[in-house]
Amino acid sequence: MKVEFTVLGRLYTKYQSEYEEAVLRILRSGWYILGNELTKFENDFAAYHGVKHCAGVGNGLDALCFAVSALGIGPGDEVIVQANTYIATALAVSETGAIPVFVEADKFFGIDPEGIEKAITEKTKSIMAVHLYGQPCNMDQIMEIGNKHNLHVIEDCAQAHGAKYKGKLVGTFGDAGCFSFYPTKPVGAMGDAGAVITNSNELDDKVRMIRNYGSKVKYKHEIIGINSRMDEIQAAVTCVALKHIEEGNGERRAIAQKYLDGIKNPKVVLPDLRPDSEHVYHVFAVLCEERDRLHDFLEENNIHAQIHYPIPCHLAGCYSSLGSKSGKIPTAESFAKQELSLPIYVGMPEDEVDYVIETINRFK
Ligand SMILES: *Cc1c(COP(=O)(O)O)cnc(C)c1O
């Protein structure tokens with residue numbers, strides 16, 4: 001048996017007629033950028049979260065960057081970011097001219113509140129909380145620290161659509177929730193797309209201006225913006241994906257439960273679940289001291305696993321000028337050495353899940 005890490009075609013097949021109807025409808029409408037479909041998606045996504053605003057943008061990196069920028073953060077400012085995240089979280093900060101200050105992770109792969117407190121300086125403007133792998137960060141403590149030190153909180157929800165902390169959806173705690181709709185994410189487009197959700201009229205206004213050449217009214221360019229819009233086809237496709245969010249999250253949770261119940265190997269550490277939170281398992285992350293050997297063993301058995309992520313952000317070549325050294329952020333560094341992501345996606349056949357479990361249990 002062969003097990004791919006993900007097969008997007010299986011998601012497409014599952015909702016094929018809905019996706020095809022959506023795309024054809026837009027093709028036939030003759031309107032492709034900033035139209036009714038984007039407005040509908042923005043309204044649906046805001047309503048799903050119970051927030052006032054949602055602005056669709058070109059991708060998740062821009063969603064993060066626009067949120068940072070719209071909060072007035074830029075050159076000379078510092079933003080606290082966990083070291084164990086996809087590089088985009090940090091790049092979004094750098095793109096505004098601000099400096100990402102990398103800190104430690106807690107055992108649930110979220111930003112460590114203690115690490116945040118230690119990193120605060122007079123230049124700190126914001127905390128970036130990444131709900132990595134689909135599991136919420138400790139939002140009670142993060143919001144408390146943010147309020148105490150008068151810092152903004154931005155949530156990177158690129159992997160956590162529909163995840164909840166104490167019954168409340170991620171993205172609704174901080175000043176802004178930033179989402180990616182990259183095709184493999186829990187809610188995916190069929191191309192690039194992203195969004196910023198917020199209850200702030202001012203922040204929403206600014207994000208809308210930045211995404212559209214800095215203008216709210218045609219040909220009146222009030223700030224320096226760029227072109228990064230979620231197009232009508234992606235909006236229509238993402239509306240379909242959003243409609244099935246609970247179904248998709250439920251399906252991945254059921255696979256995760258099979259892994260949690262079935263994997264029994266003293267060399268493989270299953271993910272710790274944060275109490276009072278609902279994980280959506282964009283990634284099912286196990287830890288193994290002999291990670292590379294486990295990875296090779298799975299490959300030999302035709303199972304494709306992946307590593308998220310092999311190099312923590314503070315040790316990435318692009319941040320060498322910040323002068324961080326190996327050993328400085330030990331938990332995040334150990335995750336980079338030990339983490340392995342098992343296949344988990346909508347449409348993954350049960351016999352493949354069973355085969356992954358059986359193979360991992362054979363690893364010696
Ligand atoms: C995917 C991802 C992003 C970036 O999203 P894109 O749409 O690919 O630009 C940012 N942060 C995290 C944690 C992600 O997983």
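Me: Which residues of helix 5 are called buried, and what makes a residue buried?
Reply: They are Ala88, Thr89, Ala90, Ala92 and Val93. Buried means under 20% relative accessible area, exposed means over 50%, and partly exposed is in between (1.4 Å probe, protein chains only). Bear in mind that this is a predicted model: local features need pLDDT of at least 70 and side-chain atom pairs count only at pLDDT 80 or more, while totals for chains, interfaces and linings use all residues. Residues are numbered from 1 along each chain as its sequence is written, and side-chain values use heavy atoms, with hydrogens and water left out.

Me: What do those buried residues of helix 5 pack against?
Reply: Helix 4, plus strand 2 (78-82), strand 3 (99-103), strand 4 (124-130) and strand 5 (152-156). Helices (H or I, at least four residues) and strands (E, at least two) are DSSP runs, numbered from the N terminus. After helix 5 comes Gly97, with a positive phi near 95 degrees.

Me: Why is Asn212 called buried?
Reply: Its relative accessibility is 16%, and the limit is under 20%, so the label fits. Asn212 sits in the loop between helix 8 (201-211) and strand 10 (215-217). Leaving aside residues up to four places away in sequence, Asn212 touches Leu34, Ile226 and Arg229 (contact means heavy atoms within 4.5 Å).

Me: And why does Asn147 count as exposed?
Reply: Asn147 has 62% relative accessibility; exposed is over 50%, so Asn147 qualifies. You'll find Asn147 in helix 7 (residues 139-148).

Me: What makes the ligand's pair with Ser180 a polar contact?
Reply: A polar contact is a pair of N or O atoms within 3.5 Å; within protein, one must be able to donate a hydrogen and the other to accept it, and residues adjacent in sequence count only if both atoms are side-chain atoms. A polar side-chain atom of Ser180 is 2.7 Å from a ligand oxygen, so the pair passes. A ligand nitrogen is also 2.8 Å from a side-chain N or O atom of Asp156, and a ligand oxygen is 2.8 Å from a polar backbone atom of Gly60.

Me: Which elements give two or more residues to the shell around the ligand?
Reply: Helix 4 (60-70) and helix 5 (87-95). Helix 4 has the largest share, three residues.
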